[in-house]
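Trainee: I should like to work through this model with you, beginning with one hairpin and moving outward. May I put my questions in turn?

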Amino acid sequence: MRDLFHEAVKIALEKEGWIITDDPLKVEVGGAKFEIDLGAERLLAAEREGVRIAVEIKTFLSDSPITDYHAALGQFLNYRLALELSDPDRSLYLAIPVSVHAAFFQREFLQISVERYQIQRIIYDPVKEVIVEWIS
């Protein structure tokens, strides 16, 4: 099941020049199958090779954002390991709505957690369908 803002993130990435290559990005490694929401690529003028990313989109709209975060973190860590093993040139990002980033992700524990686990984030505006910030 796709997240509510799947299309908004897809459109936002395309507005920044990304080409969606996989929707979803299927990864199979070590006897496990994963489906990451999006795979995208952008060619840079200065490089022959493009930059490749995978994006897991989350809304954090349930009654318990911390429970949503636990699920998102578990998925993110498993997906990142799967990509490291099968597609090491692709970077994984967790897409987070700007309102959730501005409130929930400013809490000290969340800031420590995303730093500790090195969670690369795309902050998106689901209404304007734009990327607000990339955090690597």
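Trainee: In the hairpin of β7 and β8, which residue takes a positive phi, and what is its approximate value?
Mentor: This is a predicted model, in which local features need pLDDT of at least 70 and side-chain atom pairs count only at pLDDT 80 or more, while totals for chains, interfaces and linings use all residues. Residues are numbered from 1 along each chain as its sequence is written, and side-chain values use heavy atoms, with hydrogens and water left out. Strands (E, at least two residues) and helices (H or I, at least four) are DSSP runs, numbered from the N terminus. Four residues lie between the strands of this hairpin, and the residue with the positive phi is E129, near 55°.

Trainee: How many bridges join β7 to β8?
Mentor: Two strands count as paired if DSSP finds at least two bridges between them. R121 has I135 as its bridge partner in β8. The strands run antiparallel, β8 covers residues 130-135, and the bridges joining β8 to β7 number five.

Trainee: Which strand pairs with β7 in the parallel sense?
Mentor: A95 has I122 as its bridge partner in β7. Four bridges form this parallel pairing, and the strand concerned, residues 90-97, is β6.

Trainee: How many residues of β7 are buried?
Mentor: Buried means under 20% relative accessible area, exposed over 50%, and partly exposed in between (1.4 Å probe, protein chains only). In a regular strand the side chains alternate between the two faces of the sheet. In β7, one side carries R121, I123 and D125, the other I122 and Y124, and both faces are covered. The number of buried residues in β7 is therefore five of five.

Trainee: What is the N to O distance in the salt bridge of R121 and E115, and which residues do salt bridges that share partners join into one network?
Mentor: E115 lies in helix α4 and is exposed at 54% relative accessibility, whereas R121 is buried at 7%. A salt bridge requires a side-chain nitrogen of Lys or Arg within 4 Å of a carboxyl oxygen of Asp or Glu. The side chains of R121 and E115 meet at 3.8 Å. The network built from shared partners consists of R52, D87 and R90.

Trainee: How far apart in sequence are the parts tied together by the salt bridge of D87 and R52?
Mentor: D87 is buried at 15% relative accessible area, and R52 is partly exposed at 24%. Their side chains meet at 2.8 Å, N to O. Because D87 lies in the loop between α2 and β6 and R52 in strand β5, the pair ties together parts separated in sequence by 35 residues.

Trainee: Does α2 agree with or depart from its expected span, and how far apart are its end C-alpha atoms?
Mentor: The expected span of a helix is 1.5 Å times one less than its number of residues. For the 22 residues of α2 this gives 32 Å, which agrees with an end-to-end C-alpha separation of 31 Å.

Trainee: Which element supplies the largest share of the largest nonpolar core?
Mentor: A nonpolar core is a set of buried Ala, Val, Leu, Ile, Met, Phe, Trp, Tyr and Cys residues joined through side-chain atoms within 4.5 Å. The largest has 25 residues, and V27, I36, Y69 and F105 have the most contacts inside it. At least two residues come from each of β2, β3, α2, β6 and α4. The largest share, seven residues, is that of α2.

Trainee: Which residues does K10 contact, leaving aside its neighbours within four places in sequence?
Mentor: K10 belongs to helix α1, residues 6-15, and is buried at 18% relative accessibility. Contact means heavy atoms within 4.5 Å. On that basis the partners of K10 are I20, D23 and L38.

Trainee: Which residues are joined by a cis peptide bond?
Mentor: One partner, P24, is in the loop between β1 (19-22) and β2 (25-29). Omega is about 10°, and the residues joined are D23 and P24.

Trainee: Is F60 buried or exposed?
Mentor: F60 is in the loop between β5 (51-57) and α2 (65-86). Although not a glycine, F60 has a positive phi of about 55°. With a relative accessible area of 6%, F60 is buried.
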